[in-house]
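Please look at how the strands are arranged in the model shown here. The briefing that follows treats their pairing, the residues that face each other and the sheet they form.

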Amino acid sequence: MLHVTLTLLVVLSGGATARAGAGLPLRAALTEARGRAPGIAESRARESIALGEVGVARSVTPLTLSVAGGGNDPRWSVGASQRLPPPGARSARILAAELGARSAGDERRASEATTRADARRAYFSLVRARQLATAGARALSLARESEAAARLRFETGAAPELDFVQADLARATAEAQLLTQQGEVAALSAELALLLGRDPRLPLEPAEEPPPSLPSLEEVLARAAGAPLARARVSDVAAAEASLRAASRELWPAPTLGVSVEGEGPRGASAFLRGALDLDVPTLGRGEVDRAEASLGLARVLAEQDRQRRTSEIVAAHQRLTAALATLERFTKQILPAVERTERMALESYRTGRSPLVSLNDALRAATDTRAQSAEAAFAAQSAFAALELAVGVALDEN
């Protein structure tokens with residue numbers, strides 16, 4: 001009954017995937033994630049706020065209008081006054097806001113690297129789960145062959161009943177493991193669908209993708225120097241410098257210009273034009289300047305720390321990628337072909353009575369474990385590449 005149920009589950013699962021038509025290349029998954037991931041929406045909102053700050057900085061102080069009247073001269077007056085910022089202060093504030101908006105834009109572009117890394121890991125987590133399920137299906141197929149061979153040898157008296165019982169147990173265990181692996185495939189497909197903004201009820205079928213290429217460390221470091229995150233830190237320092245310049249200029253006297261028309265004499269019949277100049281002179285205190293100087297120092301410290309951190313992460317990720325690609329190549333070219341030969345040789349040796357069942361079970365178990373290690377090696381290479389892209393801050397597989 002378990003055999004029939006498992007076979008039916010495999011058939012139904014394959015049919016559902018075919019009906020869904022959800023074949024998904026890696027590049028398409030990365031593109032969809034860039035448009036739908038929550039982190040992208042947040043960074044876009046922050047960029048909009050920074051652009052709004054530019055509009056605030058460009059605005060001027062309100063024009064003050066006044067109307068007065070009374071029994072004494074002047075009998076009436078109509079005037080307007082405008083407070084002007086100290087020379088150079090407004091332009092410095094505008095520059096600081098524009099640099100802040102530029103930094104927010106670079107931060108938004110840098111967040112795409114995080115989204116790409118998350119999408120790549122989720123994509124290849126599903127690939128790994130499908131590879132493990134495929135290895136589990138192969139192990140089940142061989143376990144059934146082993147069970148058939150043990151049954152035949154037991155029925156012909158060439159092997160004890162214990163061999164048949166152990167082979168039956170191995171087959172049942174392989175079926176249970178395959179069911180678990182198929183459940184993991186369904187769960188990881190739903191997680192990837194959520195990240196891409198798709199219906200998680202429809203299974204996704206990732207395409208076979210070659211391992212990533214290994215860029216040189218010098219090339220990666222050069223690209224990181226001009227990446228959006230590096231530009232954002234430079235803009236932060238420049239914006240802090242502009243804010244400090246504006247705060248220093250705002251210690252200068254700020255003029256307020258006014259003009260009015262006044263009516264004097266009987267019934268205010270005589271009109272006169274009057275001009276005025278007021279100066280707002282700051283008194284004691286450099287609090288705004290001190291705060292701007294501290295903000296500039298913090299921006300420089302954060303920029304240097306970010307540069308050192310990214311350099312360290314890039315070197316570490318590049319070393320992990322180098323090792324992972326070498327390991328994957330060893331599995332692909334040498335280990336997996338030898339595993340397939342070992343499986344067939346162990347099964348044939350047991351069928352002909354040249355080796356006991358325990359040797360066959362050990363060989364099949366070792367082969368299954370090796371295939372799982374190969375799937376982990378492939379995932380480790382893709383994960384290391386994702387970590388390298390995240391540290392650099394730009395896509396490394398696009399021109």
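In this predicted model, strand S3, which covers residues 76-83, and strand S5, which covers residues 254-264, pair in the antiparallel sense over eight bridges. Strand S3 also pairs with S2, again in the antiparallel sense, and here the pairing runs over six bridges. Strands of a sheet pair through backbone hydrogen bonds, in either a parallel or an antiparallel manner.

**Pairing of S3 with S5**
- Within this pair, Trp 76 stands opposite Gly 263, a residue of S5.
- Val 78 likewise has a counterpart in S5, where Val 261 stands opposite.

**Pairing of S2 with S3**
- The connection from S2 to S3 is a hairpin, and six residues make up the link that joins the two strands.
- Across this pairing, Leu 65 stands opposite Ala 80, which belongs to S3.

**The sheet as a whole**
- The sheet is open and consists of four strands in the order S2-S3-S5-S6, with antiparallel pairing.
- Its edge strands are S2, spanning residues 64-69, and S6, spanning residues 270-280, and each of these pairs on one side only.
- On average, and with direction ignored, neighbouring strands of this sheet are turned by 15° against each other.

Definitions and conventions: Residues numbered from 1 in each chain as written. Predicted model: local features only at pLDDT ≥ 70, side-chain atom pairs only at ≥ 80, totals over all residues. Heavy atoms only, no water. Pairing = 2+ DSSP bridges. Axes fitted to C-alpha atoms, helices over the stretch in contact; angles between N-to-C directions.
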